[in-house]
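Reader: I'm new to this and I've got a structure on my screen. Please walk me through it, one small question at a time.

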Amino acid sequence: MGQLLDLRVVVADIFISYTSQDRDWAFWIGQELEKLGHTPRIHEWEISGGGDIAAWMDERCDKADHALLVISETYLGKPYSSWERRSAQWAAQTDRPNFALPVRIELCKLPNLLASVKRSDLFGVDESEARERLIDLLRPADKPAVPTKFPGAAKPQMDLKPEVSAPFPGQKAERRSVITNIPINVPRHFIGRHDDFRAIEIALNGDDGRAAVTALHGLRGVGKTTLAAAYAERHRDGYRATWWIRAATPATMRADIAGLGVRLGWIAADTQEEQAVNTVLDQLRSERECMLLIYDNAVGPRELTKYLPRGGSAHIIITSNAPNWGAVAAPMEVDIWSDEVGADFLMVRTQRMTERDAALALSRSLGGLPLAHEQAAAYCERTGSSFAGYNSQFESTPVALLGEVEDLALDYGVTVARTFALAIAGAIELHPHAFSLMVLVALLSPRPIPMYFFSEGHEKLGEDFASVVKKGDLDRVIAALRGFALLDRELIFDERDPSVVTDCISVHRLVGQITLARFSPEFRQRIGWFLIEAIAEVYPPGSLFAKPELWPRARRLDAIASALVGIETSAPVDVAEQYWRRIVTASRITTLNQLALYRQTVLGDFAEARRYFELALAINERDLDSESPFEGIVLNNLGGLHLQQGSFGEARSCYERAALFYEKKPEEGPTRLAITLSNLSSALTSQGEHVAAKSLQERSLAILGEDANDPNTTFALSQLGYSQWMQGNLTIALTYFERAVAICEKGFGPDHLYLAANLANLGGVVMDQGDLVRARSLLERALALRQATLGSDHIDTAMSLNDFGCLLRREGDHAAALPYHEQALAIFVEKLGPTHPNSKKAAENVAVVLEAIGRPAEARSLRDKFGL
């Protein structure tokens, strides 16, 4: 007992929950608990034949001080153990703190409610260490009895052991003799495939009277073959035989199937091969004992089908680069690793437990490809390079590092660079234009690329590729690349509108890098120029604000367009290419302008919008001459951004420059000048120069006329109305706003966003005139339109929230107004910052309401916070 007191372990009655598969662990833990003075409750130690196990469990669990859960993958999946676990968790969360004591005996993912509970991991350590961990789990929390030494660079404890059962404790039961020829050694550090094991088990355990077949497909180097071998090793005791069939060619399939027959005694060793294969397949159909057959590296279902058993109890795993297995198997795509799993592998593979951040960064660079992680770990181990050092080299010379033969994976035979180079060559043999598509897609990897990018932009992508699209051959080219696991194709649902689904293709980052490695930077730039022209053709044109039906397309193309506008267009070119460079530069400026408009009007990302507008202006000034039309367009848009941000002086400067540009270029058309004059009027109105603003608006309106199909007409009328409203001329303002609403409804319909702005303006004037009933109708309609179209966190939605809060205050309902003003304030602060005039105005509105409902201290605090 002296030892017990010294260890500060409180003696307890401990119920042990386990499965029969983990009996040895439960018995060992029970013996160790007894040595510590505890009373372990193990049903096999206490219940004789005929005893009521369920009644014993109820009684012992109720009376126990703790329930120790012996956790393994099997434990988490069994019904009785799951019942015991959930009972223990419920007791711990309600009236019995610290009741559940989780003890993992193998690496497995814990249920969410158990993951945060302090546990002990006994796997992957020797008996002495396991005993110390168990004691530590049972020891009550307390400060150390002696001063703690400085830990220095001691390695942290990390839960990164391989997914294999520890050899400890004690003697295991003798394994069943299984016939096997599995040629692959499961790597020592095999991690991150728990969910894949489960998926294979589910696919193979559907009992429908036929052979159960699942096909593992996915990117080269993702670990399909290793996963199949690991599954065979893990489940070997459940099969009479685990047999590997080399499925790349008919000859190797026939030889391996015949070999199985010889080992099982179904055929003689000298049986003619065709007869041998037929006999084995027929025997498998009637065989009652389950066998696991692995057809590795199959080309496709057409080549494999005749060598599959037609029925029986066999379990069959196919590994293949091809994805089209639905007719003969349950397809299962083996995915790349997450950054976290990749980092775990790098650390345990090299035993560098202190380089977690660098390992995460390197795993991201490697794109989660297991084979690339193995090569990187081997290189770091061989050379002593740090993860950060390898990553730095990888950024500049990825293909060279991925081609290092000294770092080959032991059972793979070729480097990452070589395996993808061979695959590309194979795809080109199937279709001569496969490489053209690979080059285009590689430049954009790993972003998903919509198929309409190619169908609508093919004229800009070179004559050879354009001919492929025109002939309707694009699907055949894609099929060739997918057959070699080089290209992925998937349907992507829009983030905001799931009814919008886009057919996309993509390649892995490393595949893209290997594809482009053979080309010079100049050649890659020229390919980029083709893509810039195509994106300008495909990206939604004009103002996106009032065209929500185009937002899903803008969202899907955003990452692609953002990457392409970074490709330089000012590099020296031959005289023959000068004209092409001007076209590409114009396409680049067009795309920058559209990206900026999308960020400003839809996303509310003003900083990025300004960056894109200013970059477009700089490129225009540097690379195009005075004949370029882009200066006026981009200046107008940049002025609108400044106006929205409350920078009225900068907005005015942009509009004045744009107006001067159009005054000097009447060939650009009178409409552009009219728009610019109207915009300049807005800036002057915001600065209080109403007379000058009105003069500009009247000139603009005279140029535009009252065309019901032109939004600029309604905009000009709105600006005139706004100017009069700010001067207190409500009747005149009302006339302008009503004309704007009427024109907008007639030209665009009742649900258009241009109408929402005019309804809000009209509602504001009507409210100031005291007609609160009509004001409510108008403002509710504007708010509903904006919320439905723009979402709940858009700046224009905030404007309507603020307007409706003001209406409620006019009606005397301050308590109801508060949440509207608070929502508006939150949006303005997030999108515009706390110093913006809109944010300050919204904060003042909240403060006024707080005072009105008897919360003056909060009102003062808010005013102090916003400097009011």
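Reader: Let's start with one residue: does Ala-859 count as buried or exposed?
Author: The cut-offs are under 20% relative accessible area for buried and over 50% for exposed, with partly exposed in between (1.4 Å probe, protein chains only). Ala-859 comes out at 0% relative accessibility, so the word for this residue is buried.

Reader: Before we go on, what kind of model is this?
Author: Residues are numbered from 1 along each chain as its sequence is written, and side-chain values use heavy atoms, with hydrogens and water left out. Local features need pLDDT of at least 70, side-chain atom pairs count only at pLDDT 80 or more, and totals for chains, interfaces and linings use all residues, because the model is predicted.

Reader: Back to Ala-859, then. Which residues does Ala-859 touch, leaving aside neighbours within four places in sequence?
Author: Ala-859 lies in helix 40 (residues 856-865). Helices here are DSSP runs of H or I with at least four residues, strands are E runs of at least two, and both are numbered from the N terminus. Contact means heavy atoms within 4.5 Å, and with those near neighbours set aside, the partners of Ala-859 are Ala-847, Leu-850 and Glu-851.

Reader: In what order do the strands of the sheet come?
Author: Two strands pair if DSSP finds at least two bridges between them. Here the pairing is parallel, and five strands form an open sheet in the order 2-1-3-4-5.

Reader: Which strands stand at the edges?
Author: An edge strand here has a single partner strand, so one side is left without a neighbour in the sheet. That describes strand 2 (39-41) and strand 5 (120-121).

Reader: How many bridges join strand 1 to strand 2?
Author: Strand 1 covers residues 13-17 and runs parallel to strand 2. Ile-14 has Pro-40 in strand 2 as its bridge partner. The number of bridges joining these two strands is three.

Reader: What about Ala-12: buried or exposed?
Author: You'll find Ala-12 in the loop between helix 1 (2-7) and strand 1. Ala-12 touches His-38, Thr-39, Asp-65 and His-66, not counting residues up to four places away in sequence. The relative accessibility of Ala-12 is 10%, so this residue counts as buried.

Reader: Which residues have the most contacts inside the largest nonpolar core?
Author: A nonpolar core is a set of buried Ala, Val, Leu, Ile, Met, Phe, Trp, Tyr and Cys residues joined through side-chain atoms within 4.5 Å. The largest one has 172 residues, and helix 20 (residues 434-444) gives the most to this core, with ten residues. The residues with the most contacts inside it are Leu-437 and Phe-454.

Reader: How do helix 28 and helix 29 run, roughly parallel or roughly antiparallel?
Author: Axes are lines fitted to C-alpha atoms over the stretch in contact, with angles from 0 to 180 degrees between N-to-C directions. Under 35 degrees counts as roughly parallel, over 145 as roughly antiparallel, 65 to 115 as roughly perpendicular and the rest as oblique. Helix 28 (residues 606-623) and helix 29 (residues 630-644) pack at about 155°, with axes 10 Å apart. That makes helix 28, relative to helix 29, roughly antiparallel.

Reader: Last one: where is Ser-587 placed?
Author: Ser-587 has 11% relative accessibility, so this residue counts as buried. Its contacts, beyond neighbours within four places in sequence, are Ile-532, Glu-533 and Ala-536. Ser-587 has its place in helix 27 (residues 578-603).
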